[in-house]
Amino acid sequence: MTDAPLLEIKDVTKTFGSVISLNGISTTVRAGQVTCVLGDNGAGKSTLIKILSGVHQPDGGELLLDGRPVKLGSPRQALDAGIATVYQDLAMVPLMAIWRNFFLGSEPTKGWGPLRRFDRSRAIETTRRELADMGIDIRDPDQPVGTLSGGERQSVAIARAVHFGARLLILDEPTSALGVKQAGVVLRYIARARDRGLAVVLVTHNPHHAYPVGDRFLLLNRGRSLGDFAKGELSLPELTRMMAGGAELDQLAHELERGTGAVEREEAAS
Amino acid sequence: MSAITVADERVARVGVLKRLLLKPELGALLGAVLVFAFFAALSEVFRSASGIANWLDPASTLGIMAVAVALLMIGGHFDLSAGVQTGTAAITSGLLTTYYGVNTWAALLISLAVVLAIGFVNGYLVVRTGLPSFIITLGTFLMLQGLNLGVTKLVTNTVQINNFNQIIGYDVLHAIFASEIAIAGARFQIAILWWIAATILGSWLLLRTRFGNWIFAVGGDANAGRNVGVPVARTTISLFMITSFAAWFVGTTQITRLTSIQAQAGFGQELIYIVAAVIGGCLLTGGFGSAIGASVGALIFGMTSQGIVYAGWDADWFKFFLGAMLLLAVLANQYLRRFAELSRR
Ligand SMILES: Nc1ncnc2c1ncn2[C@@H]1O[C@H](COP(=O)(O)OP(=O)(O)OP(=O)(O)O)[C@@H](O)[C@H]1O
Ligand SMILES: [Mg+2]
């Protein structure tokens with residue numbers, strides 16, 4: 001593992017109209033490491049991910065890939081640079097077959113000139129194999145993605161990104177729709193990708209998922225960075241506490257206690 | 001392919017029948033068989049060789065357009081200017097050759113360039129503005145309608161361009177676009193062959209190429225496609241240009257066959273193309289449909305339009321039948337698809 005970062009995010013800013021979605025965010029992503037991005041709803045996690053995958057362009061700051069400034073003008077350019085993403089909305093077309101979705105935008109071809117065509121048998125085979133590797137045995141690769149369960153759909157999106165992410169794998173809340181067992185499979189998958197030398201960016205709400213696999217933690221709150229920590233600088237309880245906003249968590253615990261107390265009192269009265 | 005996989009106990013539920021029901025063109029195929037049986041029972045001429053040649057003729061030019069329009073619809077868009085573009089192509093070729101003495105082949109290339117440019121503009125505006133293609137192409141439809149009439153009147157002082165058969169090279173054009181093939185004593189238009197070729201090409205594009213995968217993605221969920229690297233703008237513009245190419249082909253067929261062209265040629269046809277594509281199983285919302293289905297839709301149109309005549313009914317009934325068929329097809333497709341998808345879960 002080299003020490004030079006694969007990707008450096010420097011002071012990145014993004015605004016949508018009057019909404020400041022990201023404000024001066026910096027972190028580093030290294031090959032063979034998992035960088036976790038944590039934060040509340042609307043903190044700007046997906047926005048950051050979309051900047052890394054070429055969907056949005058930053059208004060300020062820069063991205064350095066292998067130490068050189070890059071412009072990721074489109075998802076295509078990011079993919080060509082070896083960056084593959086599992087979007088929060090999964091970026092799959094519901095009416096299309098699983099194997100068509102799997103290779104969408106990166107279809108393998110055979111034949112030559114005007115007879116160049118989609119290598120369907122290879123696509124179907126690869127889809128089946130990659131999904132089986134993930135512990136998902138699909139009934140029928142021809143099934144439209146729209147008829148899969150939420151978790152199955154998420155697994156297909158992850159398997160696709162793992163297949164195409166040559167250098168950097170980005171996952172935006174990949175475990176949100178998954179059962180305990182499938183979430184475990186995904187985390188193991190992330191660890192495996194990391195061990196193969198890929199850089200991974202993982203967005204999640206769940207510190208219990210983030211802490212075991214993460215090497216770096218970037219905490220966001222309302223578009224600002226609450227800090228960018230290496231694993232050694234932070235314990236799991238500290239991470240959890242920071243995510244929930246520290247003192248706010250104590251207040252919440254207090255409120256909830258009183259809340260149940262009030263209900264009990266009402267029940268006693270009636 | 002299935003030989004390699006381990007049997008999954010859940011596969012049994014997806015039978016051959018349900019797999020068939022998920023094919024967009026199935027409803028149209030059933031409809032075509034019914035319509036054929038109906039008119040064949042009513043009229044002997046309808047099922048004779050000359051009768052068949054007769055109803056395949058209107059189906060053929062419509063079918064060529066319907067295949068292109070189906071691809072565009074699967075890509076999530078409409079082209080209301082498709083019909084009038086057939087007129088634009090024919091009028092451009094006709095005026096350039098018969099009034100300005102331009103070389104036949106140069107004139108054909110110019111008219112092709114003109115309609116391809118129209119297709120490009122349609123697609124470009126749709127992609128850049130994000131407005132519904134329905135509105136954009138309604139605009140180009142009206143503009144072209146005015147232009148076709150205005151320019152024709154300005155140059156010829158009439159609403160018709162004649163004498164196309166007097167241009168140099170007409171015999172070659174006639175051989176390509178308007179010749180007839182005798183089979184079993186009946187004369188079949190060569191356009192039928194072009195129609196079959198267009199259907200095969202359209203199907204191949206849609207199901208066997210990367211471009212086809214992109215068409216489904218652009219119509220199904222353009223944003224998802226864009227996020228995984230599908231060139232959405234290029235695909236959309238190409239689809240509009242393919243439609244324009246088909247319009248040029250059909251327009252050229254028409255002026256060659258008739259040796260003249262009306263300034264209003266093609267007006268109103270755009271809806272018929274959409275009807276054929278929808279009867280063939282295309283979803284109005286995009287992302288689903290087939291080229292074969294659209295062809296079968298055109299076939300149903302051809303059979304009905306001629307069958308009514310052979311059955312000795314007033315031709316006014318045709319529109320009624322067409323509308324009823326459209327409704328039936330939409331309902332049947334909806335029902336079949338829901339049934340097939342529900343039973344897959
Ligand atoms: N395309 C957009 N146009 C306008 N505002 C946007 C856009 N995308 C994001 N935002 C705004 O930016 C802020 C951050 O959104 P983002 O989706 O990045 O949050 P998030 O951290 O991913 O939240 P969640 O945990 O709910 O996924 C939100 O206030 C959102 O409304
Ligand atoms: Mg998000």
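This is a short tour of the structure in your viewer, stop by stop.

Keep in mind that you are looking at a predicted model.

**Stop 1: chain A as a whole**

Select chain A and colour it by secondary structure. You should find 9 helices and 12 strands. Its C-alpha atoms fill a box of roughly 80 × 50 × 40 Å along the principal axes. Of the 270 residues in this chain, 50% are buried.

For a feel of the scale, pick A:Ala191, which sits in helix α6 (residues 180-195) of chain A. With a relative accessible area of 16%, A:Ala191 is under the 20% cut-off, so it counts as buried. Now add A:Glu257, 66 residues away along the chain: the two C-alpha atoms are 38 Å apart.

**Stop 2: ligand 1**

Next, select ligand 1 and show the residues around it. Which residues come nearest? Among the 13 residues around ligand 1, they are A:Ser21, A:Gly42, A:Lys45, A:Ser46 and A:Thr47. Helix α1 of chain A gives the largest share of this shell, 3 residues.

Zoom in on the contacts with oxygen atoms of the ligand:

- A:Gly42 uses a backbone N or O atom, 2.8 Å from a ligand oxygen.
- A:Thr47 uses a side-chain N or O atom, at 2.5 Å from a ligand oxygen.
- A:His205 also has a side-chain N or O atom there, 3.2 Å from a ligand oxygen.

Taken alone, ligand 1 exposes 640 Å², and the protein buries 62% of that.

**Stop 3: the magnesium ion**

Now click on ligand 2, the magnesium ion. Which atoms coordinate it? They are OG of A:Ser46 and OE1 of A:Gln88, at 1.9 to 2.1 Å. These two residues are 42 apart and link distant parts of the chain: A:Ser46 belongs to helix α1 (residues 45-52) of chain A, and A:Gln88 to the loop between β6 (83-86) and α3 (98-102). You have met A:Ser46 already, as one of the residues nearest ligand 1. A:Gln88 is partly exposed, at 41% relative accessibility.

**Stop 4: salt bridges**

Side chains of opposite charge can pair when their charged atoms come close. The whole structure has 10 salt bridges over all chains; here are some to try.

Start with A:Asp80 and A:Arg76, whose side chains meet at 3.3 Å, N to O. Both lie in helix α2 (residues 75-80) of chain A, and because they are 4 residues apart, about one helical turn separates them. Is A:Asp80 buried or exposed? At 57% relative accessibility, it is exposed, while A:Arg76 is partly exposed at 27%.

Move on to A:Arg122 and A:Asp119, with closest N and O atoms 3.2 Å apart. A:Arg122 is partly exposed at 45%, but A:Asp119 is buried at 9%.

Then select A:Asp228 and A:Arg216, another salt bridge at 3.2 Å. This one links distant parts of the chain, 12 residues apart: A:Asp228 is in strand β12 (residues 224-230) and A:Arg216 in strand β11 (residues 216-221) of chain A. A:Asp228 is partly exposed at 25%, and A:Arg216 is buried at 18%.

Finally, add A:Lys110 to A:Asp119 and A:Arg122: salt bridges with shared partners join these three into one network.

**Stop 5: a patch on chain B**

Switch to chain B and select B:Phe38, B:Leu42, B:Trp313, B:Trp317 and B:Phe320, which make a nonpolar surface patch of about 550 Å². Helices α2 (26-42) and α13 (317-342) of chain B each give two or more residues to the patch. Finish on B:Phe38, in helix α2 of chain B, which is partly exposed at 40% relative accessibility.

Notes: Residues numbered from 1 in each chain as written. Chains lettered and ligands numbered in written order. Predicted model: local features only at pLDDT ≥ 70, side-chain atom pairs only at ≥ 80, totals over all residues. Heavy atoms only, no water. Patch = residues over 30% accessible without salt bridge, like charges linked within 9 Å, V, L, I, M, F, W, Y side chains within 5 Å. Areas by Shrake-Rupley, 256 points an atom, 1.4 Å probe, with all protein chains shown as cover. Salt bridge = Lys/Arg side-chain N within 4 Å of Asp/Glu carboxyl O. Buried < 20%, exposed > 50% of the residue type's maximum accessible area, 1.4 Å probe, protein only. Donors = N, O, S within 2.8 Å, 3.2 Å for Na, K, Ca; no water. Near = heavy atom within 4 Å. Polar contact = N/O pair within 3.5 Å; in protein donor to acceptor, adjacent residues only side chain to side chain.
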